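This report describes the strand pairing, the nonpolar core and selected local features of the structure shown below.

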Amino acid sequence: QVQLVESGGGLVQPGGSLRLSCAASGSIFSINAMGWYRQASGKERELVATITSGGSTNYVDSVKGRFTISRDNAKNTVYLQMNSLKPEDTAVYYCNCEILRRGYYRARDYWGQGTQVTVSS
C-alpha cells in the first residue's frame with residue numbers, strides 16, 4: 001500500500017505565508033512527477049504546480065512568482081511554499097504523486113487527503 005500524508009494547512013492573513021508538505025510512504029520503488037492541486041468551494045479541482053523527478057517545475061499562472069514547489073527524494077516528500085497569499089488562494093489543497101510500487105510494472109497516481117488553506121483577515 002501507499003499513503004500520502006499532507007500537513008501545513010491553516011488560516012493565514014492576506015500577504016502571509018504557509019508551507020505545505022506531503023510525505024509518501026509504503027511499498028515505493030520510485031516516484032515520478034509530484035504535484036499540488038486545489039479545489040475551492042463550488043469550483044473544479046485545478047492544478048497548482050508540478051515537479052518532475054528531475055526537478056523541472058510548472059505553475060498555474062495565478063501563483064507564479066508567489067508559490068514554489070520542491071521535493072526531497074530521500075524523504076519521498078513534496079513541498080509547496082506559498083507566499084503573498086491572497087483570499088482567492090483559499091481552497092483544499094491536495095498532493096498528487098505518480099508512484100511505481102515495488103513489484104509492479106506501471107506507475108499510477110495517488111492522492112493525499114487534502115489540507116484546508118484559508119486566507120482571510
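## Strands, core and local geometry

Outside its neighbours within four places in sequence, serine 21 makes contact with Val5, Glu6, Ser7, Trp36, Val78 and Tyr79. The model on which this description rests is predicted. Serine 21 belongs to strand E3, which covers residues 18–26. With a relative accessible area of 17%, serine 21 falls under the 20% limit and therefore counts as buried. Its bridge partner in E8 is tyrosine 79, a residue that also appears among the contacts of serine 21.

**The four-stranded sheet.** The bridge between serine 21 and tyrosine 79 belongs to the pairing of E3 with E8, which is antiparallel and comprises six bridges. These two strands form part of an open sheet of four strands, in the order E1-E3-E8-E7 and with antiparallel pairing. E1 and E7 are the edge strands, each pairing on one side only. From one strand to the next, the twist averages 15°. In general, the strands of a sheet pair through backbone hydrogen bonds, in either a parallel or an antiparallel arrangement.

**The E9–E10 hairpin.** A further antiparallel pairing joins strand E9 (residues 91–101) to strand E10 (residues 108–111) over four bridges. Asparagine 96 has tryptophan 111 as its bridge partner in E10. The two strands form a hairpin with six residues between them, and glycine 103 in the turn has a positive phi of about 85°.

**Positive phi outside glycine.** Which residues other than glycine have a positive phi? Asparagine 76 has a value of about 50°, and serine 84 has a value near 50°. Asparagine 76 is placed in the loop between strand E7 (67–72) and strand E8 (77–82), whereas serine 84 is in the loop between E8 and E9. Asparagine 76 counts as partly exposed because its relative accessibility is 23%, and the partly exposed class runs from 20% to 50%. Serine 84, at 41% relative accessibility, is likewise partly exposed.

**The largest nonpolar core.** The largest nonpolar core contains 30 residues, and those touching the most other members are Trp36, Leu80, Met82, Tyr93 and Ile99. At least two residues of this core come from each of strand E1 (2–7), E3, strand E4 (28–39), strand E5 (46–51), E7, E8, E9 and strand E11 (115–119). The most is given by E9, with five residues. In soluble globular proteins, nonpolar side chains tend to be buried together.

Two of these core residues recur in the contact lists. Trp36 is in contact with serine 21. Isoleucine 99, not counting residues up to four places away in sequence, touches Val2, Leu4, Ala24, Ile28, Ser30, Ile31, Ala107, Arg108 and Tyr110.

**Charges over rings.** Two arginine residues sit over tyrosine rings, as listed below.

| Arginine | Ring | Distance from ring centre |
|---|---|---|
| Arginine 19 | Tyrosine 79 | 4.0 Å |
| Arginine 108 | Tyrosine 110 | 4.0 Å |

Tyrosine 79, over whose face arginine 19 lies, is also the bridge partner of serine 21. Arginine 108, whose charged end sits over the ring of tyrosine 110, is touched by isoleucine 99, as is Tyr110. The count of aromatic pairs comes to one.

Definitions and conventions. Residues are numbered from 1 along each chain as its sequence is written. This is a predicted model: local features need pLDDT of at least 70, side-chain atom pairs count only at pLDDT 80 or more; totals for chains, interfaces and linings use all residues. Side-chain values use heavy atoms; hydrogens and water are left out. Buried means under 20% relative accessible area, exposed over 50%, partly exposed in between (1.4 Å probe, protein chains only). Contact means heavy atoms within 4.5 Å. Two strands pair if DSSP finds at least two bridges between them. Rings of Phe, Tyr and Trp (its six-membered ring) pair if their centres lie within 6.5 Å; planes under 30 degrees apart count as stacked, over 60 as edge-to-face and the rest as tilted. A charge sits over a ring if NZ of Lys or CZ of Arg is within 6 Å of the ring centre and within 35 degrees of the ring normal. A nonpolar core is a set of buried Ala, Val, Leu, Ile, Met, Phe, Trp, Tyr and Cys residues joined through side-chain atoms within 4.5 Å. Axes are lines fitted to C-alpha atoms, for helices over the stretch in contact, and angles run from 0 to 180 degrees between N-to-C directions.
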